[in-house]
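Work through the three exercises below with the model open. Each task is followed by its solution in steps.

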Amino acid sequence: MIYEKSMKRCIELAKKSEGCVSPNPMVGCVIYDRNGNLISEGYHKRYGENHAERDALLKLEPDDAAGGTLVVNLEPCSHYGKTPPCADLIIERKLARVVTGMRDVNPIVSGNGIEKLKNAGIEVIEGVLESECKKLNEVFIKNMTEHKPFIAIKTASTLDGKIATHNGSSKWITSDKAREEVKSIRTRYDAILTSSATVVADNPSMIHRCNIILDRELKTISGYKIYNNKRVIVFYDEALTPPAGRAEFIKTPLKDGRLNLEFIFNKLYEMKIMSVLVESGGVLNGSVLEYADKVYHFLAPKILGDNSGRSCFLYRHLDDINLCKNFEINSVDKFGPDILLTYYPIDKI
Ligand code: AOF
Ligand code: ZN
């Protein structure tokens, strides 16, 4: 397919905005003139700013793109939002052809942008590198279709799935290179979520613009490094009185003696926190697994072999191997001596 290379470039451009456009999708755009020469590129840089198509078109003189082709990873919008509709500008600039990666899942756009272009006599080619385009905007798709935040889990274990010895010794399982990659993964998410147990055991900094602590009994107040971050949200048992402090304390109902995760994720969505990276121990990882959309699993080429070592997912007792939760491996990458597996659940617990 001749537009695949251009779509790859759109995805590359879109990724430049990783961590900056939430709750909007990441979008990149390239434009060719009537002779097939690349004449402009653009992307949606920041929430509230120009969409990718507008960014690319406004770099050109009004007639430059006439008769040309515009390639974009998402259906051009048809609505008046923070900016006028991209579809209108494309029509005004007299493009002959528009190539898209996926339909917009936002119900106010979905299909309308394509229809507007077709009604104006523009040729539309849809679905180029569709699965890559959908992966790129997996957070946006989850948000728009389910009205919930996208939940990812990051864990780092030995080959035998251990994250610490029986007495909690865990520093460091993976290499510097793997830990650098963790920092880059964090920037893609609106918030990092951890448990009071991890804060108390490891006193991590987890430097981020928004940190969430699940702290039923309010054990972690101040002093811990995580509280030095820009924004800290603490979910705690609604029966307790919150301490004074600069964190945002949120009263939370319990379910089976634990903080109710469903309530927490709904609350986070209300607070416009569209994606969450969970970085914690096996117990919270196990509880979150039911809600998880994706797992980043670093594996160090080591075996702990201790039968009371702590595992990365700890939440049940089973006798039948057929009851395993199943996943689909998405990618395998190497960071120094370690590998990073990313995988997606393919069934419910
Ligand atoms: C595009 N190109 O680059 C983006 C699109 O709040 P607004 O006005 O920025 O509108 C956000 C909606 O516009 C968003 O939910 C999605 O449907 C679409 N985003 N569309 O054609 C872009 N970022
Ligand atoms: Zn738009």
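**Exercise 1. A strand and its neighbours**

Task: find the bridge partner of N211 in β10, then place β10 between its paired strands and state how many of its residues are buried.

Solution.
- Step 1. N211 has V232 of β10 as its bridge partner. The model is predicted.
- Step 2. Widen the view to the strands. β9 (residues 211-214) pairs with β10 over 4 bridges, in the parallel sense.
- Step 3. Turn to β11 (residues 248-252). This strand is joined to β10 by 5 bridges, and the two run parallel. V234 has F249 of β11 as its bridge partner.
- Step 4. Check burial with the cut-off of under 20% relative accessible area. By that test, 6 of the 6 residues of β10 (residues 232-237) are buried.

**Exercise 2. The two sides of a helix**

Task: determine how the span of α7 relates to its expected value, and which residues of α7 are buried.

Solution.
- Step 1. Take the length. α7 covers residues 176-187, 12 residues in total. From first C-alpha to last, α7 reaches 17 Å, close to the 16 Å expected at 1.5 Å a residue.
- Step 2. List the buried residues: A178, E181, V182, I185 and R186.
- Step 3. Locate them around the axis. Their arc is only 145°, so they sit on the same side of α7.
- Step 4. Look at the face turned away from that side. D176 and K177 are exposed there.
- Step 5. Find the packing partners. The buried residues of α7 pack against β6 (150-158), β8 (191-195), β14 (275-278), β15 (294-300), β17 (327-335) and β18 (338-345).

**Exercise 3. A zinc site**

Task: name the residues that coordinate the zinc ion (ligand 2), and assign the geometry of its site.

Solution.
- Step 1. Collect the coordinating atoms. They are ND1 of H51, SG of C77 and SG of C86, at 2.0 to 2.2 Å.
- Step 2. Test the angles. Tetrahedral requires every angle among four donors to lie between 85 and 135 degrees. Here the 4 donor atoms give 100 to 116°, so the site of the zinc ion (ligand 2) is tetrahedral.
- Step 3. Compare with the ideal. For four tetrahedral donors that angle is 109.5 degrees.
- Step 4. Read the spacing along the chain: H-x25-C-x8-C. H51 lies in the loop between β2 (38-43) and α2 (52-57), while C86 belongs to helix α3 (residues 86-92). The pair is 35 residues apart and links distant parts of the chain.
- Step 5. Check burial of that pair. H51 is buried, at 18% relative accessible area. C86 is buried as well, at 1%.

Definitions and conventions:
Residues numbered from 1 in each chain as written. Chains lettered and ligands numbered in written order. Predicted model: local features only at pLDDT ≥ 70, side-chain atom pairs only at ≥ 80, totals over all residues. Heavy atoms only, no water. Expected span 1.5 Å × (residues − 1). Buried < 20%, exposed > 50% of the residue type's maximum accessible area, 1.4 Å probe, protein only. Arc of directions from axis to C-beta. Contact = heavy atoms within 4.5 Å. Pairing = 2+ DSSP bridges. Donors = N, O, S within 2.8 Å, 3.2 Å for Na, K, Ca; no water. Tetrahedral: all angles 85-135°; square planar, octahedral: opposite > 155°, others 65-115°.
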